[in-house]
Amino acid sequence: MSESSDHKKSPYQVALENFDAAADALELPQDVRALIRYPERILTVNVPVRMDTGEVRRFEGYRVQHNTVRGPGKGGIRYHPAVTLDEVKALAMWMTWKCAVVNVPFGGAKGGVACNPKEMSVGEIERLTRRYAAGILPLIGPQQDIPAPDVYTNPQIMAWIMDTYSMMKREGYPVPGVVTGKPLSAGGSRGRDEATGRGVFYTLECAAEHLRLRLKNARVVVQGFGNAGSVAALLLDSHQSLVIAVNDSRGGVYNKAGLDIPKLMLHKERTGSVLGFPGAEPISSEDLLALECDILIPAALENAINGDNAHTVKARVIAEAANGPLTREADAILEAKGVFIIPDILCNAGGVTVSYFEWVQNEQHLNWELHEVHERLERVMKTAFHEVLSLHLERKVSMRLAANMLGVGRVAEATAVRGLYP
Ligand code: NAD
């Protein structure tokens with residue numbers, strides 16, 4: 001097999017190339033490109049943490065605001081050993097276009113700390129979170145920049161950030177609108193925990209209708225059975241699709257007759273992994289991606305499908321629950337094969353959409369019912385899907401380029417009407 005190196009390309013490089021392709025297709029003037037191609041603000045923070053052993057360990061954290069022309073910065077915080085400034089810059093840029101694609105009034109931002117939360121105690125994670133939050137305090141706020149969960153961060157971590165911000169900035173008075181993805185008891189929204197996976201499902205419903213693919217009995221493979229991947233799998237399972245294989249960082253499970261997803265979720269909750277699920281056989285990551293299926297949902301990390309393995313993929317539709325799971329080389333290979341790709345900035349935008357709903361409820365002291373959240377989310381996701389699909393069909397460009405054109409175009413328009421000041 002030829003050794004491709006495109007998955008070693010930095011995610012920021014990929015994000016810039018995608019931006020340039022959209023800007024070229026939109027024939028954007030250089031002046032506007034200069035304003036929106038680069039991050040507005042980058043903050044690197046030193047995060048010293050007292051560990052349970054008594055020693056102080058030092059971590060590095062980042063917050064990047066890519067663009068705030070359409071509204072306050074919005075984007076998750078990632079805790080992962082592989083976090084780099086380059087990755088955070090890419091993720092922040094994707095957030096800018098993503099918010100514009102679903103037309104929520106936010107800009108794009110992202111944060112992260114290079115750490116391994118799996119090897120840390122709850123107390124250590126709390127101390128890391130509070131110190132990191134204190135470090136990025138000058139940048140965040142309900143009207144400035146609003147973090148949310150991402151890989152290996154969760155509602156509890158959001159509650160600690162909200163608490164730290166409220167204590168340090170507002171003398172203890174609560175400021176729930178400073179973060180989203182909070183626990184319900186601290187001002188979270190109903191439906192936020194399942195929003196990303198549910199959004200993935202709504203876009204798949206639209207894609208299935210467009211392609212005349214029946215979801216009933218459609219074979220589905222999910223890479224990364226975390227928050228986004230497991231909820232998408234659960235909703236597809238409840239619509240009688242056959243989720244035949246899923247994996248997580250420890251390994252995968254396969255059953256060609258379909259896995260019982262509610263039971264698998266319980267198994268993962270109890271054991272920490274999908275491995276060892278009764279009635280399923282183990283499957284390697286390479287074999288899972290190469291399974292014959294109708295729908296493949298990469299829901300783990302960037303560059304999972306690249307120049308080395310894209311030719312093994314046999315799916316008809318790829319729904320990008322993860323951010324940046326396909327390299328540009330993989331994109332080209334899969335497009336040539338006629339695979340229908342629902343690009344990340346559309347497919348996984350359900351999370352930021354319900355984050356927006358949470359922020360609206362916080363700012364207006366409202367408390368929406370679950371069905372209201374679901375209905376509004378469905379409307380937003382399906383509208384965005386059809387706007388991207390129309391561009392794809394009218395301009396005869398890939399779904400990815402169409403989504404980028406929609407997102408970049410909206411940001412460029414807002415930039416042009418606001419003008420350059422000072
Ligand atoms: P998560 O931490 O809940 O789940 C990630 C899952 O991926 C875990 O089960 C982990 O074991 C698995 N994983 C890690 N490395 C893997 C590998 N090499 N192979 C297979 N599985 C692997 O995170 P999440 O919130 O579900 O995020 C997953 C992806 O979705 C990320 O790219 C994230 O940026 C994106 N996303 C998440 C949200 C959200 O609201 N949670 C919103 C938009 C996009």
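**Exercise 1. Which residues is I342 in contact with, leaving aside its neighbours within four places in sequence?**

Solution. This is a predicted model, in which local features need pLDDT of at least 70, side-chain atom pairs count only at pLDDT 80 or more, and totals for chains, interfaces and linings use all residues. Residues are numbered from 1 along each chain as its sequence is written, and side-chain values use heavy atoms, with hydrogens and water left out.

- Step 1. Contact means heavy atoms within 4.5 Å.
- Step 2. I342 is in contact with T203, L204 and A207, with V317, I318, A319 and E320, and with C347 and F385.

**Exercise 2. Place I342 in the largest nonpolar core.**

Solution.

- Step 1. A nonpolar core is a set of buried Ala, Val, Leu, Ile, Met, Phe, Trp, Tyr and Cys residues joined through side-chain atoms within 4.5 Å. Buried means under 20% relative accessible area, exposed over 50%, partly exposed in between (1.4 Å probe, protein chains only).
- Step 2. The largest core has 85 residues, and I297 and I342 touch the most other members.
- Step 3. Helix α3 (residues 85-101) gives this core its largest share, nine residues. Helices (H or I, at least four residues) and strands (E, at least two) are DSSP runs, numbered from the N terminus.
- Step 4. Another core lies apart from it, with 26 residues, including V45, M51, Y79 and A133.

**Exercise 3. Describe how α1 packs on α3.**

Solution.

- Step 1. Axes are lines fitted to C-alpha atoms, for helices over the stretch in contact, and angles run from 0 to 180 degrees between N-to-C directions.
- Step 2. Helix α1 (residues 11-25) packs against α3 at an angle of about 30°, and the axes are 7 Å apart.
- Step 3. So α1 is roughly parallel to α3. Angles under 35 degrees count as roughly parallel, over 145 as roughly antiparallel, 65 to 115 as roughly perpendicular and the rest as oblique.
- Step 4. From α1 come P11, Y12, A15, L16 and F19; they meet D86, E87, K89, A90, M93, W94 and W97 in α3.

**Exercise 4. Which residues are linked with E302 in a network of salt bridges?**

Solution.

- Step 1. A salt bridge is a side-chain nitrogen of Lys or Arg within 4 Å of a carboxyl oxygen of Asp or Glu. The count comes to 25 salt bridges.
- Step 2. E87 pairs with R78, with the closest N and O atoms 3.1 Å apart. Both residues, E87 and R78, are buried.
- Step 3. D150 and K110 form a salt bridge at 3.2 Å, N to O. D150 sits in the loop between β5 (145-149) and α5 (155-169) and K110 in strand β4 (residues 108-114), so the pair ties together parts 40 residues apart in sequence. D150 and K110 are both buried.
- Step 4. The network links R78, E87, K110, D150 and E302.

**Exercise 5. Which parts does the salt bridge of K182 and E358 tie together?**

Solution.

- Step 1. In this salt bridge, the closest N and O atoms are 2.7 Å apart.
- Step 2. K182 lies in the loop between α5 and α6 (195-211) and E358 in helix α12 (residues 350-364), so the pair ties together parts that are 176 residues apart in sequence.
- Step 3. Both K182 and E358 are buried.

**Exercise 6. Is G350 buried or exposed?**

Solution.

- Step 1. G350 is in helix α12.
- Step 2. Its relative accessibility is 0%, so G350 counts as buried.
- Step 3. Not counting residues up to four places away in sequence, G350 touches A195, T196, G199, L377 and M381.
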